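Me: I'm new to this structure and would like a close look at one part of it. Could you take me through the charged pairs, and then show me what lies around them?

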Amino acid sequence: METENCLVLLTFPNVMDNRQIKSEQFLNAAVTVLNFVRQLGVIFKPIEADLNGNISTLKNILNTDSAKFEIIASFQETDTGRNALLWLKRALKFINLLLVELLRDFQSGECVDDLTSIMKIAYENSLRKYHSWFTQQVVNVCLNAAPNRSELLQCLAKFIWKFNT
């Protein structure tokens, strides 16, 4: 397996010169993140469902008028598109922060096996402020059941293998 293939897994489209992002390319990249999240186990089912719902909503809007919604910012013209894009962005930020925190932990040499604290940092810095108290409690229970490092790495390896075959 080549390293550059692995780097393609979570690559989003570049911002064009006019500061725009093509909707179809962005949504295809978001689907790749969704497929990655699907490998992480039952604890990530709520995030998977949220990602899937928002991506589906945006794809449905795109399919109604691909020219009108060619650029990702155009989804903000509809209430449904604006809401789906907002929550998709928030979920993607959580996944991004989770991966950043995993990398920081690795680079520090700690490599803790219990990833609960890493997942809580990602949640605290992304989604928590948008969730009700009840949702925060449910998420806290879920994060305490997070996979350990070796389980997460096995999921990542399985995802990369599927992606490259």
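How many salt bridges does the count come to by the rule of a side-chain nitrogen of Lys or Arg within 4 Å of a carboxyl oxygen of Asp or Glu?

Reply: Happy to walk through it with you. Please keep in mind that this is a predicted model. By that rule, the count comes to seven salt bridges. The idea behind them is simple: side chains of opposite charge can pair when their charged atoms come close.

Let's begin with Arg38 and Glu48. Their side chains meet in a salt bridge, with 3.2 Å from N to O. Arg38 belongs to helix α2 and Glu48 to helix α3 (residues 45-64), so this pair ties together parts that are 10 residues apart in sequence. The two partners sit in unlike surroundings: Arg38 is partly exposed, since its relative accessible area is 36%, while Glu48 counts as buried because its relative accessibility is 12%, and the cut-off for buried is under 20%. Arg38 and Glu48 also belong to a network of salt bridges, in which they are linked with Lys45.

Next, look at helix α4 (79-108). Here Arg104 forms a salt bridge with Glu101, and the closest N and O atoms are 2.6 Å apart. Both residues lie in α4, three residues apart, which means that about one helical turn separates them. Glu101 is buried, as its relative accessible area of 13% shows.

Helix α4 takes part in another pair as well: the side chains of Arg149 and Asp105 meet in a salt bridge, at 2.0 Å from N to O. Distant parts of the chain are linked this way, with Arg149 in helix α7 (residues 149-164) and Asp105 in helix α4, 44 residues apart. Arg149 and Asp105 are both buried.

With those pairs in view, we can turn to the helices around them. Helix α2, the home of Arg38, runs over residues 23-38. Its 16 residues should span 22 Å at 1.5 Å a residue, and the end C-alpha atoms are indeed 22 Å apart, so the two values agree. Several residues of α2 are buried, among them Phe26, Leu27, Val33, Leu34 and Phe36. The buried set also takes in Ser23 and Thr32.

Helix α3, which holds Glu48, is also the place of Asn54. Asn54 is buried, because its relative accessible area is 9%. Beyond its neighbours within four places in sequence, Asn54 is in contact with Ala84, Trp87 and Leu88.

Between α3 and α4 there is a loop, and Glu70 lies in it. With a relative accessibility of 38%, Glu70 counts as partly exposed. In sequence Glu70 and Lys22 are 48 residues apart, and in space their C-alpha atoms are 5.8 Å apart. Setting aside neighbours within four places in sequence, the contacts of Glu70 are Ile21, Lys22, Ser23 and Leu62. Of these, Ser23 is one of the buried residues of α2.

On the other side of α4 in sequence, the loop between α4 and α5 (116-124) holds Cys111. Cys111 has a positive phi of about 50 degrees, although it is not a glycine. Its relative accessible area is 31%, so Cys111 is partly exposed.

Finally, let's visit helix α6 (residues 133-144). Its 12 residues should span 16 Å at 1.5 Å a residue; the end C-alpha atoms are 17 Å apart, which agrees. Gln136, Val139 and Leu143 are the residues of α6 that are buried. They cover an arc of only 65 degrees around the axis, and therefore lie on the same side of α6. Helix α5 is included in what covers these buried residues.

Now turn to the face of α6 that points away from the buried side: there you will find the exposed residues Phe134 and Val141. Phe134 has a relative accessible area of 59%, and it counts as exposed because the cut-off is over 50%. Together with Trp133 and Val138, Phe134 makes a nonpolar surface patch of about 380 Å².

Conventions
Residues are numbered from 1 along each chain as its sequence is written. This is a predicted model: local features need pLDDT of at least 70, side-chain atom pairs count only at pLDDT 80 or more; totals for chains, interfaces and linings use all residues. Side-chain values use heavy atoms; hydrogens and water are left out. Helices (H or I, at least four residues) and strands (E, at least two) are DSSP runs, numbered from the N terminus. The expected span of a helix is 1.5 Å times one less than its number of residues. Buried means under 20% relative accessible area, exposed over 50%, partly exposed in between (1.4 Å probe, protein chains only). Contact means heavy atoms within 4.5 Å. The arc is that of the directions from the helix axis to the C-beta atoms. Patches are made of residues with over 30% relative accessible area and no salt bridge: like charges are joined within 9 Å, nonpolar side chains (Val, Leu, Ile, Met, Phe, Trp, Tyr) within 5 Å. Accessible areas come from the Shrake-Rupley method with a 1.4 Å probe; for residues, only the protein chains shown count as cover.
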